[in-house]
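Visitor: I'd like to walk through this one and keep asking how each label is earned. Can you pull it up?
Guide: Sure, here it is.

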Amino acid sequence: MRAAGQILIVLVVLAAVGAPWLAPNPPERSFPDALYAPPTRVRLLDQGLHAPFIYRQRLVSRLERRFEEDRSRPVPLRWFTGGRLATVDEAQGGPLLVLGADAFGRDILSRLLYGTRASLALALVATLGALLLGALVGGIAGYTGGLADEALSRLSDFILVLPAIYVALALRAVMPLVLPARTVFLLLTAIFVLLGWPIVARGVRAIVASERQRDYAVAGQALGAGPVRLLARHLLPAASSYLAVQATLLLPAFILAEATLSYVGLGFPSAVPTWGTMLQDAANVSLVSEAPWMLAPAAAIFVLVLAVNLTVQGTGRAPVQLLERSNRW
Amino acid sequence: MRPLLDVRHLVKHFVRKQGLFRAPSIVKAVDGVSFAIEEGEMFGLVGESGSGKSTTGRCILRLIEPSSGEVLFRGDNVLEFSRPRMRLARRDMQIVFQDPYSSLNPRMRVGDIVEEPLVIHKLGTKAERRARVAELFALVGLEADHLARYPHEFSGGQRQRIGIARALALNPALIIADEAVSALDVSIQAQVVRLMVELKDRLKLTYLFIAHDLRLVENICTRVAVMYLGKIVETGETRALFARPAHPYTRALLSAVPVLDPDTPRQRLELDPDAFDRDAPLREIAAGHWAAV
């Protein structure tokens, strides 16, 4: 199970990294004759086995969004042309839309691949930021104890009791609604880090505070090691497996948070493909039955969250047990 | 001659708050302890658990900040040292811990553990430090090809040797051995004690040997102080003190030492805490032999 989870994670990361090469079309390109076009089927059989090919999809009725396949002429896939893995000659076969098209006739697969980049990058950066800030604050609180500990712990408790998603919504809502994608990325990262660090800090504080009492930490002090060295070299490494577990909990949470915020229109601008903005496009009940391929990003979210959970749980230990293990050695 | 270490009226009170409206309780862990250790001496500090011996040792090194008193090391009061001065002073006094399991960082290779003091004090180049670590390993009787191993790969006695090597890395003058062998098997204890005595002669070390094993102290220490509830109740030459214990607590403690022959008639003395004055000052009952009676 663990291996399966790891393989899935690797696949998702590869998809994100290789997006420009894997995507058959540019993500922002819209095909005017392919609004809500269903997925193009890649075929192998046409009176015998062939190399992969497609039939051209023809728009029959724009009003009814009806498409027909032109079965008279198979159009073969082109491999490794124009810096992309698989494409078709558009003059002959029209756009290659493996997962169909959205309301603007944009290729959903290509957008999904690029969206993986944005969503995953945001979640990763935010997770890293929350871990760093949490480890720093928790380390300081656990090391110094006393008043600083009280103040930092109460602060993190305060943030912990806030309902995270509402705070994220509120924080995003006070900012201008339309912002460039880069600013949104930074803003969302900041919001996620702000909401994520207290959970990390609380655990790190407890681990550091207890490790600090151990003789090896006292020995370091007797040898003349300062607080920075003690923390970096001795105490925080003790919290490393705790941090690993937290990372696996935060990453899916941040993916979902991005999706939620973008879904309600407070995340990335809708022109930028992310899993959240793509789901926003699918936010129409009648659409789901007529163009279910619009839900592809939901499947992607599901796969990634599943993969992360499999990786953690597949060890045969729930996160809590992993935590206990991290305190022993 | 000026003693190497002169502890005067050392006091450590732990204050425990018990809520907003109740008066905080004060634990007098160390309550006015004074003693002096000459250069090259092995000074024993004995007492039951909770008597404040370990706290005394840690206060001397300022691992616990004492409430008051003086700790004169070569005549300078350690407790008044600034942070950088204290750092420098730590090179001269080191500690060996009781528990060989928790005193070594389980996530570091033992070579790095022994090297760390040299890194902290920025001594030597990487190669020089490595050579010094190998030398220290040989000194405490460990093999140099074990340097890359982790602490859990060693036995208790070996770990204690690693702890000693770490303490010796900076060439200290004073070693505080905080129950350094009491967690070890008896046979291993003897080996580690022999090593410590050997090192004392070779490296001109001075020991503050904190222990509760009286027979061990009797064998290796030249002078000894007996602590009871944060106070020294009796101190003097080991031989004289063991032969003629003056304080009721010392007598009770000595009567509790196990004897090998089961047929020996034994008389275990019970200590009656009300039978003596706990605030009595130390007075000299014989040359160099003081007791609080």
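Visitor: Which residue does A:Ile54 stand opposite in β3(A)?
Guide: A:Val75. Keep in mind that this is a predicted model.

Visitor: What makes β2(A) and β3(A) a pair?
Guide: The cut-off is at least two bridges between the strands. β2(A) and β3(A) are joined by eight, so they count as paired, and they run antiparallel. The two form a hairpin with four residues between them. In that turn, A:Arg65 has a positive phi of about 55°.

Visitor: And how do you know that β1(A) pairs with β2(A)?
Guide: Here there are two bridges, again in the antiparallel sense. The requirement is at least two, so β1(A) and β2(A) qualify. One of the contacts to look at is A:Arg43, whose bridge partner in β2(A) is A:Phe53.

Visitor: Why are β1 and β3 of chain A called edge strands?
Guide: Each of them pairs on one side only. The order in this open sheet of three strands is β1-β2-β3, with antiparallel pairing. From one strand to the next, the twist averages 45°.

Visitor: Which strands are the edges of the eight-stranded sheet in chain B?
Guide: β6 and β11 of chain B, each pairing on one side only. That open sheet has the order β6-β7-β8-β3-β9-β10-β12-β11 and mixed pairing. Its twist averages 20° from one strand to the next.

Visitor: What makes β11(B) and β12(B) partners?
Guide: Three bridges join β11(B) to β12(B), and at least two are needed, so the pair passes. The strands run antiparallel. B:Ala286 has B:His289 as its bridge partner in β12(B).

Visitor: What lies across β6 and β7 of chain B?
Guide: Helix α5(B), running at about 170° to β6(B).

Visitor: Why is α3(B) described as mostly covered?
Guide: Nine of its 11 residues are buried. To count as buried, a residue needs 20 or more other C-beta atoms within 10 Å of its own. Among those that make it are B:Val110, B:Ile113, B:Leu118 and B:Ile120, along with the charged B:Glu115 and B:Glu116. The buried residues pack against α9 of chain A together with α4 and α5 of chain B. Just after the helix, B:Lys122 takes a positive phi of about 50°.

Visitor: Which element gives the most to the side of chain B that touches chain A?
Guide: α3(B) again, with three residues. The whole contact takes 19 residues from chain B and 15 residues from chain A. On the chain B side they divide into eight nonpolar, five polar and six charged.

Visitor: Why is the largest nonpolar core said to lie between the domains of chain A?
Guide: Domain 1 (40-96) and domain 2 (108-327) of chain A both give residues to this core, so it lies between them. The centres of those domains, taken over C-alpha atoms, are separated by 42 Å. The core has 154 residues, and those touching the most other members include A:Phe254, B:Ile176 and B:Phe209. Helix α4 of chain A gives the most to this core, with 16 residues.

Visitor: What does B:Ile176 touch, leaving out residues up to four places away in sequence?
Guide: B:Gly57, B:Ile60, B:Leu61, B:Met93, B:Ile95, B:Leu208 and B:Ile210. A touch here requires C-beta atoms within 7 Å.

How values were computed
Residues are numbered from 1 along each chain as its sequence is written. Chains are lettered from A and ligands numbered from 1 in the order in which they are written. This is a predicted model: local features need pLDDT of at least 70, side-chain atom pairs count only at pLDDT 80 or more; totals for chains, interfaces and linings use all residues. Axes are lines fitted to C-alpha atoms, for helices over the stretch in contact, and angles run from 0 to 180 degrees between N-to-C directions. A nonpolar core is a set of buried Ala, Val, Leu, Ile, Met, Phe, Trp, Tyr and Cys residues joined through C-beta atoms within 7 Å. A residue is buried if 20 or more other C-beta atoms lie within 10 Å of its own, exposed if 12 or fewer, and partly exposed in between; C-beta atoms are placed from the backbone. Domain bounds come from an automatic or database domain assignment. Two residues are in contact if their C-beta atoms, placed from the backbone, lie within 7 Å.
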